[in-house]
Amino acid sequence: MGDGIRGTALGTAPVPLSVLDLVTVGAGSTATAAVRTAVDIARTAERRGYHRYWVAEHHSMPGVASSSPAVLLAHLAAHTDRIRLGSGGVMLPNHAPLVIAEQFGTLEAMAPGRVDLGLGRAPGTDGATAAALRRTDRLDEGVLGSPLLERSRELGEQFPQQLAELTRFLDDSFPDGHPYARIHAVPGPVQATSPGGVQSPHRPPLWLLGSSGFSARLAGTLGLPFAFAHHFSAANTVPSLDLYRASFRPSEVLAEPYALIGVSALAAEDEREARRQVRTGALAMLRLRTGRPGLVPTPDEAAAHSFSDIERDFVDNWLGNVVHGTPDAVRQGLDDLAKRTGADELMLTANAHTGAVRRRSYDLIADAYGLPRG
């Protein structure tokens, strides 16, 4: 498992390959089926040599069944043996740092040495839902709009402090005299200092996630690994990675920068079918961006949808950032992206109506790179 962060490129892949799963729910299907598919995809990823499998925290989105990453990861830990499992990410301002430390300490106890804790600073939802998550104590104002936006900015500015608190809980390292010095995240290091205690040597490595320069700079300054959301913020990818590398200071965690990027990618046996499948995700994203989130539509529904000129421009721009087509075409696109960005790892996310299509895509990409069949 190396240092728990850096992976190994297998086959002819330019860098290690990983999976980001949104645990999507398609029209006509259920969350139960989506979770079963998540297990199938995690097992496929493990068998084919993908380095890690992450899930992301989202809220109030009917088509995304990953509102509780820790719960999903516990389930996946029980159904896998080797692949790294983690959050891409947990939205730190939504939670008390102690709770996150306890949850991921528990996950580490379930799957020693293969748990990642990726953290984001956004709410992962709309403003009203953020208020319902108790990110503001002014719920009556927050639901209306602008006061919540101001409070969200305040919470964003508190992110470094929240991160420092979480790190202290994970390391059990509050100094004497601190109000939390006698509070311990369990499972955690305090068990090793108790009479007769033996504690796991592993601690989930922290990752910072981002789609702009804030987290890139912070990750670099702290010497942490960085994950950039190229799949929905492609214009900021190279500037943010450059900022991360320029800001990087060696730490006990990393001697040099390590950055992965999330990439929308879907392979099918022929280009036309790949195009047909990715349009379902594009329509789902269009609906989300226009305040109408729903289940992932079927390919037939996406094909029959009547787009306005503005909607068509959005879909075309969105699809321009999705690496899709035949396995060879996807391989070439990923190779080009790795070269252009200098990313140390590519984390692929496949968005389609059915789990079978998404799982098949990961297999086809693995074949294109000559990854092991397991």
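This is a guided tour of a predicted model, with suggestions for what to select at each stop.

**Stop 1: the whole protein**

Start with everything shown as a cartoon. You should be able to pick out 15 helices and nine strands. With 374 residues, the protein has a radius of gyration of 20 Å, close to the 21 Å from the globule rule, so it is as compact as a globular protein of that length. Turn the C-alpha trace around: along its principal axes it spans about 65 × 50 × 40 Å.

Now think about what joins up with what. Take the contacts with a separation of 6 or more: 73% of them are between residues 24 or more positions apart.

Next, switch on the surface. Its accessible area is about 16300 Å², and carbon and sulfur atoms account for 53% of that. Colour by charge and you'll have 36 positive and 40 negative side chains, with the centres of the two sets 2 Å apart. How much of the protein is buried? Buried residues make up 50% of the 374.

**Stop 2: the nonpolar core**

Hide the surface and go inside. The largest nonpolar core has 97 residues. Select Tyr-53, Leu-119, Leu-334 and Leu-346, which touch the most other members. Then colour strand E7, residues 259–267: this strand gives the most to the core, with seven residues.

Zoom in on Leu-334. Which residues does Leu-334 touch, leaving out those up to four places away in sequence? Show Val-263, Ala-265, Val-323, Leu-346, Leu-348, Ile-365 and Tyr-369, and you have the set.

**Stop 3: strand E9 and the loop before it**

Select residues 345–349, which form strand E9, and find Thr-349 there. Is Thr-349 buried or exposed? Its relative accessibility is 6%, so Thr-349 counts as buried. Not counting residues up to four places away in sequence, Thr-349 touches Leu-20, Leu-22, His-231, Val-263, Ser-264, Ala-265 and Tyr-362.

Now step back to Asp-344, in the loop between helix H14 (327–341) and E9. Asp-344 has a relative accessible area of 25%, so this residue is partly exposed. Beyond residues up to four places away in sequence, Asp-344 touches Val-15, Pro-16, Pro-257, Tyr-258 and Ala-259. For a ruler exercise, draw a line from the C-alpha of Asp-344 to that of Leu-166: they are 178 residues apart in sequence and 26 Å apart in space.

**Stop 4: a proline in a loop**

Select Pro-225, in the loop between helix H9 (213–222) and strand E6 (226–228). Why does Pro-225 count as buried? Because its relative accessibility is 0%, and buried means under 20%.

Show the residues around Pro-225 to see who is there. Setting aside neighbours within four places in sequence, its contacts are Ile-5, Leu-206, Trp-207, Leu-208, Ala-219, Tyr-244, Val-253, Leu-254 and Tyr-258. If you'd like another distance to try, Val-278 is 53 residues along the chain from Pro-225, and their C-alpha atoms are separated by 30 Å.

**Stop 5: helix H1**

Head over to residues 31–48, helix H1, and click on Val-35. Val-35 has a relative accessible area of 24%, so the label here is partly exposed. Leaving out residues up to four places away in sequence, Val-35 touches Val-23, Leu-72 and His-75. Thr-24 is 11 residues from Val-35 in sequence, and the C-alpha atoms of the pair are 8.7 Å apart.

**Stop 6: backbone details**

Show the backbone atoms as sticks for this one. Where are the cis peptide bonds to look at? One joins Gly-88 and Gly-89, with omega about 10 degrees; Gly-89 is in strand E3 (residues 84–91). Another runs from Val-186 to Pro-187, with omega near 0 degrees. You'll find Pro-187 in the loop between helix H7 (159–171) and helix H8 (190–193).

Stay in that loop between H7 and H8 and select Asp-172. Phi of Asp-172 is near 50 degrees, a positive value in a residue other than glycine. Its relative accessibility is 27%, so Asp-172 counts as partly exposed.

Finish with Ser-60, in the loop between strand E2 (52–55) and helix H2 (69–77). Phi is positive for Ser-60 too, near 60 degrees. Is Ser-60 buried or exposed? At 51% relative accessibility, Ser-60 counts as exposed, since the cut-off for exposed is over 50%.

How values were computed. Residues numbered from 1 in each chain as written. Predicted model: local features only at pLDDT ≥ 70, side-chain atom pairs only at ≥ 80, totals over all residues. Heavy atoms only, no water. Core = buried A, V, L, I, M, F, W, Y, C linked by side-chain atoms within 4.5 Å. Buried < 20%, exposed > 50% of the residue type's maximum accessible area, 1.4 Å probe, protein only. Helix = DSSP H or I, 4+ residues; strand = E, 2+ residues; numbered from the N terminus. Contact = heavy atoms within 4.5 Å. Rg over C-alpha atoms; globule rule 2.2 N^0.38 Å. Areas by Shrake-Rupley, 256 points an atom, 1.4 Å probe, with all protein chains shown as cover. Lys, Arg positive; Asp, Glu negative; His and termini not counted. Charge placed at Lys NZ, Arg CZ, Asp CG, Glu CD.
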